[in-house]
Amino acid sequence: MEEVKTFKYRINTATIIFLAALVFYTLFTAFTQDLQTVLVIGIFTILCFVVFIGMRPYKYSIEKKELTIHYALWKNSHVDLMHCETICDPVPRWADLVTRPHAIEIYTDTKKRYCFFPKERVEFVHEVVKANKRIHCTVKEYTDVYRILEKKDRKERRKAEKKAAKKSSKKEEAP
């Protein structure tokens, strides 16, 4: 029985800074402005928290061959990993260079793009690749780690095969 792997969502630093500045501004206006202005800004602050915290994913889970995106105030979204073709680092776009440097993009066979922001990037990519062995992976951190390990494993396997071949050839020559 396969276990469910869960990964926490990495909150964008710009979002944290914006929400913190908004809270400080709301507190500042609470002491310096009239009640009507404070109410409008307070409602705007609450709406911003609902949108930026409640309607963003808080974790990802991979079970069997399906990736689930969990939302706090929204219904969960599911991605079938068997229909995914590519997992890669973010494609450079001018609008997204600063806002999402830690994204991982998954493209499906219908060319739909999903962006993920897990805290443990390498482990997340490893689980996706493990779930769908045919997916093309170009995430630099993952390929740097796992290609080196695969090379070492291949070398050790070849050495073991050569030793086994030498031992079997010596056994054949001995009698």
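Visitor: Which residue of β6 stands opposite Ile-87?
Guide: First, a word on the source: this is a predicted model, where local features need pLDDT of at least 70, side-chain atom pairs count only at pLDDT 80 or more, and totals for chains, interfaces and linings use all residues. Numbering starts from 1 along each chain as its sequence is written, and side-chain values use heavy atoms, with hydrogens and water left out. Strands β5 and β6 run antiparallel and are joined by 4 bridges. Across from Ile-87, in β6, you will find Ile-106.

Visitor: In what order do the strands of the sheet with mixed pairing lie?
Guide: Strands here are DSSP runs (E, at least two residues), as helices are (H or I, at least four), numbered from the N terminus, and two strands pair if DSSP finds at least two bridges between them. β6 (residues 104-108) pairs with β7 in the antiparallel sense over 4 bridges, while β5 and β8 run parallel, joined by 2 bridges. The sheet is open, with 4 strands, and its order is β7-β6-β5-β8.

Visitor: Which strands are its edges?
Guide: Look for strands that pair on one side only. In this sheet of 4 strands, the edge strands are β7 (113-116) and β8 (136-137).

Visitor: Which residue is the bridge partner of Thr-86 in β8?
Guide: A similar register can be read at β7, where Arg-113 stands opposite Tyr-107. For the parallel pair β5 and β8, Thr-86 has as its bridge partner His-136.

Visitor: How are the strands ordered in the open sheet with antiparallel pairing?
Guide: This sheet also has 4 strands, paired antiparallel. β1 (5-8) and β4 (77-80) each have a single partner strand and stand at the edges, so one side of each has no neighbour in the sheet. From one strand to the next the twist averages 20°. The order is β1-β2-β3-β4.

Visitor: Which residue of β2 stands opposite Phe-7?
Guide: β1 and β2 run antiparallel, with 4 bridges joining them. Opposite Phe-7, in β2, stands Tyr-60.

Visitor: What angle does α3 make with β2, and what with β6?
Guide: Axes are lines fitted to C-alpha atoms, for helices over the stretch in contact, and angles run from 0 to 180 degrees between N-to-C directions; contact means heavy atoms within 4.5 Å. α3 packs on the antiparallel sheet, touching β1, β2 and β3, and also lies across β5 (84-88), β6, β7 and β8. Its direction makes about 35° with that of β2, and with β6 the angle is about 20°.

Visitor: Why is α3 largely enclosed by the rest of the structure?
Guide: Count the buried residues (under 20% relative accessible area; exposed is over 50%, partly exposed in between, with a 1.4 Å probe and protein chains only). They are Arg-121, Val-122, Phe-124, Val-125, Glu-127, Val-128, Val-129 and Ala-131. Helix α3 (residues 121-131) is largely enclosed because the buried share of its 11 residues is 8.

Visitor: How far apart in space are Glu-63 and Glu-127?
Guide: Glu-63 lies in strand β2 and is partly exposed, with a relative accessible area of 40%. Glu-127 is among the buried residues of α3. The two are 64 residues apart in sequence, yet in space, C-alpha to C-alpha, the distance is 9.5 Å.
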